[in-house]
Amino acid sequence: MKIILYVQEALKFNPDNLEFIDFIYGLTSARLVAFFFEKEQMPEASVRRFESNVQRFKAACHVRGIPYSIFRNNAQLVVDVALETRYADLLLIDLANKEGHIPTAFAKQLLHHAECPVVVMPVNFKGIEELVFTYDGNASSIYAIKQFTYLFPYLGNYKTNLICINPADINEKEWDIFREWMNTFYTRVVFIYAEGDVEEKLVEILHKRDHPFIVMGAYGRGGISSFLFPGHADAVIQLTSQALFIAHL
């Protein structure tokens with residue numbers, strides 16, 4: 001991995017993001033390209049806060065030895081950031097805001113159009129203690145798991161929970177192949193089965209996890225995305241407040 005994008009509304013900068021960025025950098029050693037959005041004609045107090053947050057970010061990167069570039073934009077243009085994702089390995093996005101953690105219209109568009117895997121950053125990062133994969137037998141969920149595995153190979157020794165959604169609908173031969181693949185890359189796999197009301201079961205399972213890194217399929221692009229777009233994924237983001245990895249096929 002060489003390039004990680006980080007998108008942030010500068011006036012809502014969360015210092016906890018720096019701890020998560022440091023964690024990701026420790027796994028990848030990739031350069032960080034940060035986009036800080038600012039509003040046009042901000043009052044003087046907001047301008048000072050904007051500058052303070054940017055300087056805090058720079059200082060934190062220097063202390064941690066994280067190589068970075070910063071771009072300041074005066075508008076949230078999805079098309080600009082989406083183009084950058086075409087040539088990046090990973091996109092980090094902070095969806096938290098004062099009204100809650102449900103994505104804004106800009107964030108939803110970015111999640112939908114991003115051309116690299118996306119990590120929704122945790123609200124309060126306290127470390128990662130276990131991984132949670134969602135799998136329904138469709139190409140989207142398998143692709144997300146493979147992308148996560150190839151991007152973060154050093155997480156293979158973490159406790160790994162594989163949530164199998166409606167297992168009766170999955171081809172038995174493919175299920176056997178997938179289980180073998182999982183056990184090749186992850187040493188501590190626990191298989192959990194969810195049937196019926198998938199949204200309710202999934203949120204219930206996620207609440208029982210301890211500081212998880214959650215992996216799901218595409219946001220609004222088929223396969224497991226029928227679960228993810230729009231309300232279900234937003235509910236997971238809001239209710240879990242944990243790190244969430246999404247990869248498009």
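**Sheet and helix packing in the predicted model**

Strand β7, which spans residues 159-165, is mostly covered, six of its seven residues being buried. The model described here is predicted, and the covered strand β7 belongs to an open sheet of 10 strands whose order is β3-β2-β1-β4-β5-β10-β9-β6-β7-β8 and whose pairing is mixed. The edges of this sheet are taken by β3 (68-73) and β8 (188-194), each of which has a single partner strand, so that one side of each is left without a neighbour in the sheet. When direction is ignored, neighbouring strands of the sheet are turned by 20° against each other on average.

Within this order, strand β6 (residues 130-135) is paired on both of the sides that the order gives it, with β9 and β7 as neighbours. With strand β9 (residues 212-216), β6 pairs in the parallel sense over four bridges, and in this pairing Leu131 stands opposite Phe213 in β9. The pairing of β6 with β7 is likewise in the parallel sense and extends over six bridges, with Thr134 standing opposite Ile163 in β7.

Helices α3 and α4 both pack against strands of the sheet. Helix α3 packs on the sheet by touching β1 (3-9), β2 (31-37) and β4 (90-93), and its direction makes about 160° with that of β1. Helix α4, for its part, lies across β1, β2, β4, β5 (118-120) and β10 (243-246), and runs at about 165° to β4.

These two helices also pack on each other. Helix α3 (residues 78-85) and helix α4 (residues 105-113) meet at an angle of about 30°, with their axes 10 Å apart; α3 and α4 are therefore roughly parallel to each other, and the passage of α3 over α4 is a right-handed crossing. The contact brings together Val78, Val81 and Ala82 in α3 with Phe106, Gln109, Leu110 and His113 in α4, and its residues divide into five nonpolar, two polar and no charged. One of the residues in this contact, Gln109 of helix α4, counts as partly exposed because its relative accessibility is 40%. Gln109 also lies 9.9 Å from Leu77, C-alpha to C-alpha, although the two residues are 32 apart in sequence.

A second helix pair is formed by α5 (residues 139-151) and α6 (residues 172-185), which pack at an angle of about 15° with their axes 12 Å apart. This angle makes α5 roughly parallel to α6, while the crossing of the two helices is left-handed. On the side of α5 the contact is made by Ile142, Ile145, Lys146, Thr149 and Tyr150, and on the side of α6 by Glu174, Phe178, Trp181, Met182 and Phe185. By class, the residues in the contact of α5 with α6 comprise seven nonpolar, one polar and two charged.

Taken over the whole protein chain, the model contains nine helices and 10 strands, and buried residues make up 53% of its 249 residues. Among the contacts in the chain between residues at least 6 apart in sequence, 82% join residues that are at least 24 apart.

Definitions and conventions. Residues numbered from 1 in each chain as written. Predicted model: local features only at pLDDT ≥ 70, side-chain atom pairs only at ≥ 80, totals over all residues. Heavy atoms only, no water. Axes fitted to C-alpha atoms, helices over the stretch in contact; angles between N-to-C directions. Parallel < 35°, antiparallel > 145°, perpendicular 65-115°, else oblique. Left-handed = near helix turned anticlockwise from the far one by under 90°. Contact = heavy atoms within 4.5 Å. Nonpolar A, V, L, I, M, F, W, Y, C, P; charged D, E, K, R; others polar. Pairing = 2+ DSSP bridges. Buried < 20%, exposed > 50% of the residue type's maximum accessible area, 1.4 Å probe, protein only.
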